[in-house]
Amino acid sequence: MSDAQSLIEQIPRLRRYARALVGDRATADDLVQDTLERAWSKLHLYRHGTDLRAWLFTVMHNVHVNRMRATRPTDPLDDDMPEFAQRATQGDALVVRDLERGIASLPVAQREVLLLVALEDLSYGETARVLGIPTGTVMSRLARAREKLRAFMQGKGGAMLQVVK
Amino acid sequence: MSEKQPISEAEIQHWADGRLDASRRAELEAWFAAHPEEAERAAAYQGFNEQLHLRFDPILAESVPPRMERAARRGSRLRGLAMAAGWVALGIAIGTVAGWQLHAQQAPTPSAKSEPPVIARRAALAHATYSPEVRHPVEVGADQEEHLVAWLSKRLGGEVRAPKLDGEGMALVGGRLLPRDPGPVAQFMYQNAQGRRVTLYVRTEGPDQRETAFRFAREGNVRVFYWIDRKFGYALSSGDLEREELLKLANVVYRQLNP
């Protein structure tokens, strides 16, 4: 299979991750587009036989970080400030809406870990390699992300727990 | 209720992700039975995974936008670059040798004509349509020139060549296939360092067509020199170049196509 075909096969998963990461469709698709273009310019760094998808997530992570630095130059990525302010509205019955708001309320460093593990099913070690951080940091960010999301959802009247049980 | 090892936070995360082996999972679940608050918390975490898939998995079924697919394919051209550069070098070498042999050959002289024929109008339209494109001006890039020329030759039913205009400061951007006029049409695009573009429109002509001199036409902002030579009709269009500059290029194209 050619590199182009392999890349095309990965597009749906890149789009899923991007949508969860940045929220709106247009921004997410721009992120995927930039990722594919950057992937080609960096393809010589990809080792054939290794997981192409994980490598593409790394490329996307770098593109996303660069974009955020370009738009918000003073913002550290690892602090606990959310990427953008998201305040839940009262009485919103849609769990998926709450979930999206909850994800958006997470700092991006935590959001990336949560999505790579919980949505993309990457192993903790793969997630660490994609993001260039130690596995221990993956575990601590994952724990913080989930607890923060839980607090957010509980603030929404425990709708999540009913769904879960 | 006692566990063999203390339960760590990391293990609760492992449990939520279904990444514990069976025996340790059983130990955690026994521990959860004695710690309902922790059990509720872990169940919530596990629930998030399901919710994430419910919300975002439908995106996997969405059709891929064409621009994304093009971006994914583009690199097969990039990787062909080194090889294409080799072919261009070879082409220049051959062209130089050929050039010595055709120095005596005369290009047709331009003649005026009142109304532009179909080829000039369509060439101008195609030029106006594709030359402003920033992202996708061509279907096949110059880095795949060999493939481009072979493909267009096959579609036009005769050997098509992309003239080398590097000596005139015009680099080949690439080419595309255009709708029938009445036969299939090829368009090659060139660009100079200032970003000015010229397109060469090539179509097959019927056997009864005579060769013609260069003719000039103007459609809106687009200037066109066109001529018929053996099997093909040609039209060289530009919105940026003056008539004299375009004529000079047309002469170069003509000489290269008639070795």
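Here is a short chat between a student and a tutor about this predicted model.

Student: Before we start, how are residues, chains and ligands labelled?

Tutor: Residues count from 1 along each chain as its sequence is written, while chains are lettered from A and ligands numbered from 1 in the order in which they are written. As the model is predicted, local features need pLDDT of at least 70 and side-chain atom pairs count only at pLDDT 80 or more, but totals for chains, interfaces and linings use all residues.

Student: Okay, what is the strand order of the open sheet in chain B?

Tutor: Helices (H or I, at least four residues) and strands (E, at least two) are DSSP runs, numbered from the N terminus, and two strands pair if DSSP finds at least two bridges between them. The edge strands, pairing on one side only, are S1 (140-141) and S5 (215-219) of chain B. With antiparallel pairing, the 7 strands of chain B run S1-S2-S3-S4-S7-S6-S5.

Student: Which residue stands opposite Phe188(B)?

Tutor: Look at S3 (residues 185-191) and S4 (residues 197-204) of chain B, an antiparallel pair with 7 bridges. Across from Phe188(B), in S4(B), you'll find Leu200(B).

Student: How are H7(A) and H1(B) oriented to each other, roughly parallel or roughly perpendicular?

Tutor: Axes are lines fitted to C-alpha atoms, for helices over the stretch in contact, and angles run from 0 to 180 degrees between N-to-C directions. Under 35 degrees counts as roughly parallel, over 145 as roughly antiparallel, 65 to 115 as roughly perpendicular and the rest as oblique. H7 (residues 135-154) of chain A and H1 (residues 9-16) of chain B pack at about 70°, their axes 10 Å apart. So H7(A) and H1(B) are roughly perpendicular.

Student: Which helix gives the most to the side of chain B that touches chain A?

Tutor: Contact is when C-beta atoms, placed from the backbone, lie within 7 Å. By that rule, 31 residues of chain B touch 37 residues of chain A. H1, H3 (36-56) and H4 (66-79) of chain B each supply at least two residues of chain B's side. The top giver, with 12 residues, is H3(B).

Student: And which helix gives the most to the largest nonpolar core?

Tutor: A nonpolar core is a set of buried Ala, Val, Leu, Ile, Met, Phe, Trp, Tyr and Cys residues joined through C-beta atoms within 7 Å. Buried means 20 or more other C-beta atoms within 10 Å of a residue's own, exposed 12 or fewer, and partly exposed in between, with C-beta atoms placed from the backbone. The largest core has 53 residues, including Tyr17(A) and Met60(A). Giving the most, 9 residues, is helix H1 (residues 3-22) of chain A.

Note on methods:
Contact = placed C-beta atoms within 7 Å.
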